[in-house]
Amino acid sequence: GAVRTWGGNGIASDVFSIHLELPFRLSAFLPNQPLPFPSVVVVMWVEILCGLIVYKLFRSFFGSGDDVLDVETSDTNAVFIVANRLEKLHGGKVYVGLRIPDPDTGLRQSIDVVLVTKGEAAVISVKNLSGLVSMNGDGSWVCEGGSGHKAEHLPNPVEEVKKQASILESYLEQRGIALPEGYFSYKVILPNPKFRTIHASYFPSEVITYDQWTILKPESKSFSLSWIKGAVYGGKKENQESLTQKLNFILNSAPMWDRLELKGSKYVLGEFLEFKGKTEDTMALKHVKRSKVSQLVVQKTSMFGLAPSRLQVLSCARDFRSEGATSSEWKEETVRSSTEVVFQPQNSPKVRKFKLSSVISMSLSA
């Protein structure tokens, strides 16, 4: 009854064979005569308990963990899908999950996406709405028939993203960039294929519905940034490039949510808190602090297709002088795959724990 094969149905059948052969092994220690009924019941329960122990040990050593399934990441994934497509369509660079200080409230304003191209920029709000969406007279939205089967009310999304653009402009001016008034355009994108509306024409021009999003092209009028050309800077190429460089430099070091990339192309934005696990593992990762590390990458060390019991963790030293990092700036540690990342997701009151075996990478904001 030993485990002979690994992968596919071989695993399931071999684990099952362990369970079947347990009573025969137990019988070797019992008298060679019929057992009374109570003893048979005891042996049966011993079999069941042994089978459960073997299963738990198997999952502990060879399971990959299912932390990914415990977190609803669809909204965050939609933000990254939109960001990646905009970057491909318009070039330039996108920034996801900015947390910009609001001088009026003293709080930080979360911004889904900022797109920066040559001499142009836009603030993007991504609404992953599923169901029938209608707009009220005051500009607020109502989404009905979504996955929650409960009407969802949203304050005016266009005014919301307009305010975000204004807050970002103020922040950049405080950082020393003189921007022309209204430099940032702003858009609300609805990328969910289950989005429906009766009167799409009722939405303001700043709103890009799902149907518009699917046919969006670089020269599309529904997402044109060209109106900014010629403003204040007179359309001079050198002035536009200089402004773009300064903008990218500051946004690259602006406050952002920490980011977890999980298996299955899933993302979680929020705040990294700490590592949990064996003392020697947490001590090995003690240097992973946002003041010292900008990125962490998890690499598997499996052999012969087996799930790894230990993982290689590469951490990149933070360098405020440049965006990238050379290979010499990476530090490597080997820790148990059961080590956990303690993370506070954005807009969630609950702290989550993710096994390192389910993590691909983690980016830390300065």
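In which sense do strand 5 (residues 141-144) and strand 6 pair, and over how many bridges? In this predicted model, strand 5 and strand 6 run in the antiparallel sense and are joined over three bridges. One residue pair shows how they are aligned, for the bridge partner of C143 is E152 in strand 6.

These strands belong to an open sheet of four strands, arranged in the order 6-5-4-8 with mixed pairing. Strand 6 (152-154) and strand 8 (195-196) are the edges of this sheet, and each of them has a single partner strand, so one side of each is left without a neighbour in the sheet.

A second sheet can be followed in a similar way. This open sheet has five strands in the order 1-2-3-7-9, and its pairing is mixed. Its edges are strand 1 (93-101) and strand 9, and because each has a single partner strand, one side of each lacks a neighbour in the sheet. Within the sheet, strand 2 (residues 108-117) runs antiparallel to strand 3, to which five bridges join it, and V116 stands opposite A121 in strand 3. Strand 3 (residues 120-126) also pairs with strand 7, here in the parallel sense and over five bridges, with I124 having K187 of strand 7 as its bridge partner. Strand 7 is in turn joined by two bridges to strand 9 (residues 207-208), and these two strands run parallel; in this pairing I189 stands opposite I208 in strand 9.

How is strand 7 placed with respect to the rest of the structure? Four of the five residues of strand 7 (residues 185-189) are buried, that is, under 20% relative accessible area, and the strand is therefore largely enclosed by the rest of the structure.

Helix 4 (residues 157-174) packs on the five-stranded sheet, where it touches strand 1, strand 2, strand 3, strand 7 and strand 9, and its direction makes about 140 degrees with that of strand 7. One residue of helix 4 is L168, which is buried, with a relative accessible area of 0%. Leaving out residues up to four places away in sequence, L168 touches I100, I111, V114, V123, F184 and L251. L168 and Q109 are 59 residues apart in sequence, yet their C-alpha atoms are 8.9 Å apart in space.

The loop between strand 7 and strand 8 contains N192, a residue that is buried, with a relative accessible area of 12%. The side chain of N192 makes a polar contact with the side chain of N128 at 3.1 Å, while a polar atom of the N192 side chain lies 2.9 Å from the backbone nitrogen of K194. Apart from neighbours within four places in sequence, the residues in contact with N192 are N128, L129, S130 and Y210.

It remains to consider the confidence of the prediction. The average pLDDT of the protein chain is 79, and 70% of the residues score at least 70. Among the elements of the chain, the lowest mean pLDDT, 42, is that of helix 1 (residues 9-27), and the highest, 96, is that of strand 15 (residues 340-345). The pLDDT is below 50 over residues 58-72, a stretch that has 24 contacts in the model beyond near neighbours in sequence. Residues 226-234 also have a pLDDT below 50, and beyond near neighbours in sequence this stretch has 18 contacts in the model.

Key: Residues numbered from 1 in each chain as written. Predicted model: local features only at pLDDT ≥ 70, side-chain atom pairs only at ≥ 80, totals over all residues. Heavy atoms only, no water. Buried < 20%, exposed > 50% of the residue type's maximum accessible area, 1.4 Å probe, protein only. Pairing = 2+ DSSP bridges. pLDDT = per-residue confidence, 0-100. Contact = heavy atoms within 4.5 Å. Axes fitted to C-alpha atoms, helices over the stretch in contact; angles between N-to-C directions. Polar contact = N/O pair within 3.5 Å; in protein donor to acceptor, adjacent residues only side chain to side chain.
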